[in-house]
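User: I would like to work through the charged side chains of a protein model. Please take the questions one at a time.

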Protein chains: 2
Amino acid sequence: MEKPPTSFHQIGNKSLRERILTTLREAILNGELRPGHTLVETELASQLGVSRAPLREAIQILNTEGLLDTVPYHGTTVKALTKRDIEELYSLRIVLETFAIRRIIAQLPEVDTAPLRTLFEQMLIAADQDDITRVNVLDREFHDTLIAMSGHKLLVSTWSSVAMRVRQVMSLRNLRNSDIKQIAHNHIPLIEAIERGDEPTATMLIAQHVASAGDLLAEDWQDDPSTATEEDQP
Amino acid sequence: MEKPPTSFHQIGNKSLRERILTTLREAILNGELRPGHTLVETELASQLGVSRAPLREAIQILNTEGLLDTVPYHGTTVKALTKRDIEELYSLRIVLETFAIRRIIAQLPEVDTAPLRTLFEQMLIAADQDDITRVNVLDREFHDTLIAMSGHKLLVSTWSSVAMRVRQVMSLRNLRNSDIKQIAHNHIPLIEAIERGDEPTATMLIAQHVASAGDLLAEDWQDDPSTATEEDQP
DNA sequence: TCGCAGTCGATTGTCGACAATCGACTGGCG
DNA sequence: CGCCAGTCGATTGTCGACAATCGACTGCGA
């Protein structure tokens, strides 16, 4: 329980709040902390070996990010994820990614599409090796890169909050290997359309690509009834 | 220093954190706290008559919302607003509002467009009376309503963070009355296009409408050099 | 037995004090 | 005179304790 005054083995030596934040966020995004799970501050604080002050600050941030849901004097829970949430998530994803692609194409000879190709190639290799985890990581990087290439900082930050929840959904769902490989292969026509500056095709492909992934994830999703986001008032 | 147990001018008597949050956010959005302004926790806390704990929680939230910028052990400042930020803000606005309109039209006979007309009429009256403040408020409500009518909760929450910064920009800029009246009148063809389900026209009009407002605001904007968001590394 | 008011325990909200960190100042040394 | 190490002050970061609030339990009375 006592921590050495200078423990040298922690590399990213940021503030406690930041480390708590990263820890909790990662746990939520990994599905380790499932939607509906209740967090008790006292418990969690002693569990993490910190006081409640920085923990609470981290919780406020996660509330704002939409990952936690605190009701005053009652408790904090991991935010529920309904089927509707997933549908909204993926429909907004399409909008944001389409925007990114339009911007990339608009500044085309300037931006370098090589990173996309590299990621795609690695993705194929991982798919061949049935390394599903790695495919998912690379897919995330692919879409993150796409957004970043737009050169639109506000879009990047908006994306990151959407992408977080996408990641959370994916952690709670196990797609079939065949589906994931299929999705992986879908990337190449998209890359080519972007490189050739073919906006109609590129935007059509991204919409199709994202929507089909979203349908796969939303399919058969059952909202946890005990953690519904809305209640009818009588 | 002592606050009356029930000071009647604060309506929503929620937690201290919430009240501090609202107070600070409003001050930033009003332009009362200008970009670059430094907040000192101890000062601000005693000024508000609260301790630093809830104040810090509010600050973390405002950081996450992108209104404040805290650098560790150094200080918290109101986030700078560069010309580029404004351009990004308005380009994303177009994307989000276009999406909202597409969704509204898609479910058309179901949604009621009367609120838009009502707001528009009030806007015209206020414009006639040269009540610029009220025109701005109504304009905000108009666009908020448009987003809300999409029935897309995630879009609403994404919008709210964009809309906050838009509000901040507007508070720092004084548009000419003639420009504002012009903008007010632009709303009616948009409403009609939406009601008639004419998606191409409606999306074209919203893009035009928002872009021209954005150009007006970004025009002649000078980034405060002392609060630049990025530094070149040598 | 049923309804209800009071109490109790658990949990969140707030506070004041202390620790850690960083920049600026300062004083000595080459 | 210039430079560097040490110190100091101001500010943020963290802690433990106390206060406020809410739900559930309990026991009294009709």
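The questions below concern salt bridges, a charged patch and a helix.

User: How many salt bridges does the structure hold over all chains?
Analyst: This is a predicted model. A salt bridge needs a side-chain nitrogen of Lys or Arg within 4 Å of a carboxyl oxygen of Asp or Glu. Over all chains, the number of salt bridges is 26.

User: In which helix do Glu97(A) and Arg93(A) lie?
Analyst: Glu97(A) and Arg93(A) form a salt bridge, with their closest N and O atoms 3.0 Å apart. The two residues are four apart, about one turn of the helix. Both lie in residues 83-106 of chain A, helix α4.

User: Is Glu97(A) buried or exposed?
Analyst: Buried means under 20% relative accessible area. Its partner Arg93(A) has 6% relative accessibility and so counts as buried. Glu97(A) has a relative accessible area of 0%, so Glu97(A) is buried.

User: How far apart are the closest N and O atoms of Arg93(B) and Glu97(B)?
Analyst: In chain B, Arg93(B) and Glu97(B) both lie in helix α4, four residues apart. Both residues are buried. They form a salt bridge, and the distance between their closest N and O atoms is 3.0 Å.

User: Is Glu18(A) buried or partly exposed?
Analyst: Glu18(A) meets Arg17(A) in a salt bridge of 3.8 Å, N to O. Arg17(A) is buried because its relative accessible area is 14%, under the 20% cut-off. Glu18(A) has 27% relative accessibility, and therefore counts as partly exposed.

User: Which residues of chain B are linked with Arg17(A) and Glu18(A) in a network of salt bridges?
Analyst: The network includes Glu57(A) from chain A, one of the buried residues of α3(A). From chain B, the linked residues are Glu41(B), Arg52(B) and Arg56(B).

User: What is the span of helix α3 of chain A from its first C-alpha to its last?
Analyst: Helix α3 covers residues 52-65 of chain A, which is 14 residues. Gly66(A) follows the helix, with a positive phi near 85°. At 1.5 Å a residue the expected span is 20 Å, and the helix comes close to that, reaching 20 Å.

User: Which residues form a negative surface patch together with Asp215(A)?
Analyst: Asp215(A) is found in helix α10, residues 199-218 of chain A. Its relative accessibility is 52%, so Asp215(A) counts as exposed, the cut-off being over 50%. The other members of the patch are Glu87(A), Glu219(A) and Asp220(A).

Conventions:
Residues numbered from 1 in each chain as written. Chains lettered and ligands numbered in written order. Predicted model: local features only at pLDDT ≥ 70, side-chain atom pairs only at ≥ 80, totals over all residues. Heavy atoms only, no water. Patch = residues over 30% accessible without salt bridge, like charges linked within 9 Å, V, L, I, M, F, W, Y side chains within 5 Å. Areas by Shrake-Rupley, 256 points an atom, 1.4 Å probe, with all protein chains shown as cover. Lys, Arg positive; Asp, Glu negative; His and termini not counted. Charge placed at Lys NZ, Arg CZ, Asp CG, Glu CD. Buried < 20%, exposed > 50% of the residue type's maximum accessible area, 1.4 Å probe, protein only. Expected span 1.5 Å × (residues − 1).
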